[in-house]
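Please look over the sequence and the model before reading on. The account below goes through the helices, the core, the surface and a few contacts.

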Amino acid sequence: MKEVMSFVKPELLLLVPVLYFIGAGLKRSKIQDRWIPLLLGGAGAAMAALALLPEVIGRPGAEVALAIFTALTQGILCAGLSVYANQLIKQGQRGKDDEDSK
């Protein structure tokens, strides 16, 4: 987990809990579970772009392209971490339920 988090820009770590709660909302909707990670990846990339692109407005195209690439990869990493957090919570609850039933 530490290894993956080292790839995420510190200012974008806030996206992880935000995406977790978005995912929880999507889970309660009529959207099929298989689409939730894809939607979280898109939402993460969009929010990362909103955070990163203002820094490069008016700069050369290469810097803008790099910011877009960074936004995509950071958004996907943050979405992956939010899904990972969700699974850790689920597994922790299962383990607790298993211990309670003994």
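The paragraphs below describe a predicted model.

Begin with helix 2, which runs over residues 15-28. At 1.5 Å a residue, its 14 residues should span 20 Å, and the end C-alpha atoms are indeed 20 Å apart, so expectation and model agree. Helix 3 can be treated in the same manner. It covers residues 36-52, and its 17 residues should span 24 Å at 1.5 Å a residue; the end C-alpha atoms lie 24 Å apart, so the two values agree here as well.

Which residues of these helices are buried? In helix 2, they are Leu15, Val16, Leu19, Gly23, Ala24 and Leu26. In helix 3, the buried residues are Ile36, Leu40, Gly41, Gly44, Ala45, Ala48, Ala49 and Leu52. A general point helps in reading both lists. An α-helix has 3.6 residues a turn, so residues three or four places apart point the same way. Among the buried residues of helix 3 are Leu40, Gly44 and Ala48; among those of helix 2 are Leu15 and Leu19.

Next comes the interior. In soluble globular proteins, nonpolar side chains tend to be buried together. The largest nonpolar core in this model has 15 residues, of which Leu12, Leu15, Leu19, Leu40 and Cys78 touch the most other members. At least two residues of this core come from each of helix 2, helix 3 and helix 4 (61-100). Helix 3 supplies the largest share of the core, 5 residues. Two of the residues with the most core contacts, Leu15 and Leu19, have already appeared among the buried residues of helix 2, and Leu40 is on the corresponding list for helix 3.

Gly44 gives another view of helix 3, where it lies. Its relative accessible area is 0%, so Gly44 is buried. Gly44 and Ala79 are 35 residues apart in sequence, yet their C-alpha atoms are 5.9 Å apart in space.

Other residues of helix 3 are placed differently with respect to solvent. Ala51 is in this helix and has 40% relative accessibility, so it counts as partly exposed. Ala51 and Ser29 are 22 residues apart along the chain, and 27 Å separates their C-alpha atoms. Leu39 also belongs to helix 3. Why does Leu39 count as partly exposed? Its relative accessibility is 40%, and buried means under 20% while exposed means over 50%. Together with Ile31, Trp35 and Leu38, Leu39 forms a nonpolar patch on the surface, and the four have about 370 Å² of accessible area together.

The loop between helix 2 and helix 3 contains Gln32. At 45% relative accessibility, Gln32 counts as partly exposed. The side chain of Gln32 makes a polar contact of 2.9 Å with the side chain of Arg34.

How many salt bridges does the whole structure hold? A search finds 3. One joins the side chains of Asp33 and Lys27, at 2.6 Å from N to O. Both partners are partly exposed: Asp33 has a relative accessibility of 43%, and Lys27 has a relative accessible area of 40%. Another salt bridge is formed by Glu63 and Arg59, whose closest N and O atoms are 3.3 Å apart. Here too the partners are partly exposed, Glu63 at 34% and Arg59 at 48%. Glu11 and Lys9 form a further salt bridge, with 3.6 Å between the closest N and O atoms.

Lys9 is partly exposed, at 31% relative accessibility. Apart from the salt bridge with Glu11, Lys9 has its backbone nitrogen 2.7 Å from a polar atom of the Gln74 side chain. Is Gln74, a residue of helix 4, buried or exposed? Its relative accessibility is 6%, so Gln74 counts as buried.

Ile89 is also found in helix 4. At 40% relative accessibility, Ile89 counts as partly exposed. Ile89 and Pro10 are 79 residues apart in sequence, and their C-alpha atoms are 23 Å apart in space.

Conventions: Residues are numbered from 1 along each chain as its sequence is written. This is a predicted model: local features need pLDDT of at least 70, side-chain atom pairs count only at pLDDT 80 or more; totals for chains, interfaces and linings use all residues. Side-chain values use heavy atoms; hydrogens and water are left out. Helices (H or I, at least four residues) and strands (E, at least two) are DSSP runs, numbered from the N terminus. The expected span of a helix is 1.5 Å times one less than its number of residues. Buried means under 20% relative accessible area, exposed over 50%, partly exposed in between (1.4 Å probe, protein chains only). Patches are made of residues with over 30% relative accessible area and no salt bridge: like charges are joined within 9 Å, nonpolar side chains (Val, Leu, Ile, Met, Phe, Trp, Tyr) within 5 Å. Accessible areas come from the Shrake-Rupley method with a 1.4 Å probe; for residues, only the protein chains shown count as cover. A polar contact is a pair of N or O atoms within 3.5 Å; within protein, one must be able to donate a hydrogen and the other to accept it, and residues adjacent in sequence count only if both atoms are side-chain atoms. A nonpolar core is a set of buried Ala, Val, Leu, Ile, Met, Phe, Trp, Tyr and Cys residues joined through side-chain atoms within 4.5 Å.
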